[in-house]
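These are my notebook entries on one protein chain. I record what I looked up, entry by entry, and I explain each term where I use it.

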Amino acid sequence: MSRSQWFFLSTVLCLAHPELILGQNCSEDCKACGGAEKDQCLQCHTGFSLNDNVCVDIDECGTELGRCPHNTYCLNTHGSYQCRACDEACSGCMGGGPARCRKCAPGYRSSAMKCLDIDECAEEMLACPGLNVICVNTEGSFYCQCADGYTRKSTGCERDQAAAGEGTGIFDNIQDDEIEVLQQMFFGVVLCALGTLAAKGDLVFTSIFMGAVAAMFGYWLSDKTDRVMDALIRGR
């Protein structure tokens, strides 16, 4: 039996007994067939066309069937197609990746046959105007942020306030009673100096008094240092 006779007989059988051949024992692309072989198809599934009894995939991307929205491209698949997003460097594309762009997106420019990010921080001297402001480059753009130790306010980047207890010196936050003690010590030193002059250089009285003053100052300094350390510990 010749091929044409076999095909005619298969067609007659298909019309007379469709339940025997529609989807049963056909190759995966055939909807109706005269046998299990790929070249025995009589009807194809959607997305395929019949060519010499073989179901061939239709490339929708090469026809008007593959219509994709802007900034996407058509990717043919087995029996169908997909619309996939262009690379972020592209404004319209013919395929995936920055080398398949129709046009570069804002923040990118064509270089070495593909769209590459523009480093605005390196090319624009005033990308981030103002003091204590640094420029940070990103893909397709950039942003400005305050330098370490500064916070953005309405007038620009201002230095952060010191944390509680941070940078507190010995004479910071001095209290009224401590001021009174320091004043008494100061007046004592002055009186001691005057007494020494009156005694015409007699240093015995001066040495005793200076020792007492030094002891008082050392006690105050030790107490003040303890307060500063407590404040540092509580501020952590």
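**Entry 1: Hairpins**

I began with the hairpin of β3 and β4, which has two residues between the strands, and found that aspartate 52 takes a positive phi near 55° there. The model is predicted, so I note its limits: local features need pLDDT of at least 70, side-chain atom pairs count only at pLDDT 80 or more, and totals for chains, interfaces and linings use all residues. Residues are numbered from 1 along each chain as its sequence is written, and side-chain values use heavy atoms, with hydrogens and water left out.

The names of the elements follow a fixed rule: helices (H or I, at least four residues) and strands (E, at least two) are DSSP runs, numbered from the N terminus. I then looked up how β3 and β4 are joined. Strand β3 (residues 48-51) and strand β4 (residues 54-57) run antiparallel, with four bridges between them. Two strands are taken as paired if DSSP finds at least two bridges between them. I also asked which residue of β4 is the bridge partner of leucine 50. It is cysteine 55.

I turned next to β11 and β12, which form a hairpin with two residues between them. Strand β11 (residues 150-153) runs antiparallel to strand β12 (residues 156-159), and four bridges join them. In this hairpin, lysine 153 stands opposite glycine 156 of β12.

**Entry 2: Disulfides**

How many disulfides does a search of the whole structure find? It finds eleven. A disulfide here is a pair of cysteine sulfur atoms within 2.5 Å. I looked up three of them.

The first pair I took was cysteine 30 and cysteine 41, whose sulfur atoms are 1.4 Å apart. This disulfide links distant parts of the chain, with cysteine 30 in strand β1 (residues 30-33) and cysteine 41 in strand β2 (residues 41-44), eleven residues apart. Are cysteine 30 and cysteine 41 buried or exposed? Cysteine 30 is buried, and cysteine 41 is buried as well. Buried means under 20% relative accessible area, exposed over 50%, and partly exposed in between (1.4 Å probe, protein chains only).

Next I took cysteine 90 and cysteine 101, which a disulfide joins with an S to S distance of 1.8 Å. Their link is left-handed, with -65° about the S-S bond. Both cysteine 90 and cysteine 101 lie in the loop between β6 (80-85) and β7 (108-111), eleven residues apart, and the pair links distant parts of the chain. Cysteine 90 counts as buried because its relative accessibility is 3%. Cysteine 101 has 14% relative accessibility, so cysteine 101 also counts as buried.

The third pair was cysteine 104 and cysteine 115, joined by a disulfide with an S to S distance of 2.0 Å. The angle about the S-S bond is -90°, and the link of cysteine 104 and cysteine 115 is left-handed. Cysteine 104 lies in the loop between β6 and β7, while cysteine 115 lies in strand β8 (residues 114-117), so the pair ties together parts that are eleven residues apart in sequence. Cysteine 104 is buried because its relative accessible area is 18%. Cysteine 115 is buried because its relative accessible area is 7%.

**Entry 3: Positive phi between β7 and β8**

I looked for positive phi values in the loop between β7 and β8. Alanine 112 is placed in this loop, and its phi is positive, about 55°, although alanine 112 is not a glycine. Alanine 112 is exposed because its relative accessible area is 65%.

Methionine 113 is also placed in the loop between β7 and β8. Its phi is near 70°, a positive value in a residue other than glycine. Methionine 113 counts as exposed because its relative accessibility is 74%.

**Entry 4: Serine 27**

Where does serine 27 lie? Serine 27 lies in the loop between α1 (3-16) and β1. Serine 27 is buried because its relative accessible area is 14%. Contact means heavy atoms within 4.5 Å. Leaving aside neighbours within four places in sequence, I found serine 27 in contact with Ala36, Glu37, Lys38 and Cys41. Cys41 appears again here, as the partner of cysteine 30 in a disulfide.

**Entry 5: The whole chain**

I closed with totals. The chain has four helices and twelve strands. Of its 236 residues, 24% are buried. Among contacts with a separation of 6 or more, 19% are between residues 24 or more positions apart. The chain exposes about 16,400 Å², and carbon and sulfur atoms supply 57% of that area. Accessible areas come from the Shrake-Rupley method with a 1.4 Å probe, and for residues only the protein chains shown count as cover.
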